[in-house]
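Hi,

Here is the model I promised to pass on. Have a look at it first, and then read my notes underneath.

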Amino acid sequence: MTDPIADYLTRLRNAIMAHHRVVEVPASNLKKSITKILFEKGYILNYKFVEDGPQGSIKVALKYDPVTKKSAIKSLKRVSTPGLRQYTGYKEMPRVINGLGIAILSTSKGVMTDKEAAAEKIGGEVLCYIY
């Protein structure tokens with residue numbers, strides 16, 4: 001697999017389109033950090049790290065509106081790919097839907113959202129946009 005982050009986002013996107021409640025993805029430290037951010041920002045209902053074997057997995061409980069049955073996540077978009085890395089400084093931080101969505105960045109101080117990176121005045125690689 002050349003792009004595990006794109007695979008993670010695609011598994012989430014496919015589970016949302018099929019209206020699944022839980023999706024299981026192979027674990028890595030970067031995916032765990034992205035999952036924690038999604039939970040903190042309210043895009044997913046819950047998550048659980050399962051340690052089985054050398055790699056382990058992440059079980060993600062997806063969040064839906066009880067009335068309209070629509071997902072809390074409208075779009076997951078991979079920005080930086082292995083073939084074309086996208087970096088940004090803190091002054092040129094991307095705004096997702098005029099501040100309503102989040103951009104997840106990999107910085108020297110760990111994985112964080114665009115707003116957290118701008119507050120700490122550090123840039124990094126833009127991994128994905130979520131709204």
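Start with Ile44, which sits across from Leu62 in S3. That pairing belongs to an antiparallel arrangement in which six bridges connect strand S2 (residues 44-50) with strand S3 (residues 57-62). Before going further, keep in mind that this is a predicted model. Six residues separate the two strands of the S2 and S3 hairpin, and Gly53 there has a positive phi near 85°.

S3 has another partner too: strand S1 (residues 22-26) pairs with S3 in the antiparallel sense, over five bridges. On that side, Val22 is opposite Ala61 in S3. S3 is mostly covered, with five of its six residues buried.

Leu62 also turns up in the largest nonpolar core, which has 25 residues; Leu12, Leu38, Leu62, Ile104 and Ile130 are the ones that touch the most other members. At least two residues of this core come from each of H1, S1, H2, S3, strand S6 (102-107) and S8. The biggest contribution is from H1, which gives six residues. Where does this core lie with respect to domain 1 (2-60) and domain 2 (74-128)? It lies between them, because both domains give residues to it. As background, nonpolar side chains in soluble globular proteins tend to be buried together.

If you want one residue to click on in there, try Ile104. Leaving out residues up to four places away in sequence, Ile104 touches Ile34, Ile37, Val111, Met112, Glu125, Val126, Leu127, Cys128 and Ile130. Apart from the largest core there is another one, of nine residues, including Ala103, Leu105, Met112 and Ile122.

Three of the residues just named for that other core, Leu105, Met112 and Ile122, are also neighbours of Ala117: beyond four places in sequence, Ala117 touches Tyr90, Met93, Leu105, Thr107, Met112 and Ile122. Ala117 is in helix H3 (residues 114-120). Is Ala117 buried or exposed? Its relative accessibility is 0%, so Ala117 counts as buried. Ala117 and Leu105 are 12 residues apart along the chain, and their C-alpha atoms are separated by 7.7 Å.

Now the charged pairs. The count of salt bridges comes to six, and here are some that I looked at.

Asp3 and Arg78 form a salt bridge, with the closest N and O atoms 2.9 Å apart. This pair links distant parts of the chain, as Asp3 is in the segment before H1 and Arg78 is in strand S4 (residues 76-78), 75 residues apart. Both ends are covered: Asp3 is buried and so is Arg78. For Asp3 the relative accessible area is 13%, which is why it counts as buried. Setting aside residues up to four places away in sequence, Asp3 touches Arg78, Thr81 and Pro82.

Next is Glu51, which forms a salt bridge with Lys32, the closest N and O atoms being 3.5 Å apart. Here too distant parts of the chain are linked: Glu51 is in the loop between S2 and S3, Lys32 is in helix H2 (residues 29-40), and their positions lie 19 residues apart in the numbering. What are the two ends like in terms of accessibility? Glu51 is at 60% relative accessibility and therefore counts as exposed, whereas Lys32 is buried, with a relative accessible area of 19%. The cut-off for buried is under 20%, so Lys32 falls on the buried side at 19%.

Then there is Glu125, whose side chain meets that of Arg85 in a salt bridge at 3.0 Å, N to O. Glu125 lies in strand S8 (residues 124-130) and Arg85 in the loop between S4 and strand S5 (87-88), so the pair ties together parts that are 40 residues apart in sequence. Glu125 counts as buried because its relative accessibility is 12%. Arg85 is partly exposed, with a relative accessible area of 40%. Glu125 is also one of the residues that Ile104 touches.

Those are my notes. Send me your thoughts once you have had a look.

Cheers

Notes
Residues are numbered from 1 along each chain as its sequence is written. This is a predicted model: local features need pLDDT of at least 70, side-chain atom pairs count only at pLDDT 80 or more; totals for chains, interfaces and linings use all residues. Side-chain values use heavy atoms; hydrogens and water are left out. Two strands pair if DSSP finds at least two bridges between them. Helices (H or I, at least four residues) and strands (E, at least two) are DSSP runs, numbered from the N terminus. Buried means under 20% relative accessible area, exposed over 50%, partly exposed in between (1.4 Å probe, protein chains only). Contact means heavy atoms within 4.5 Å. A salt bridge is a side-chain nitrogen of Lys or Arg within 4 Å of a carboxyl oxygen of Asp or Glu. A nonpolar core is a set of buried Ala, Val, Leu, Ile, Met, Phe, Trp, Tyr and Cys residues joined through side-chain atoms within 4.5 Å. Domain bounds come from an automatic or database domain assignment.
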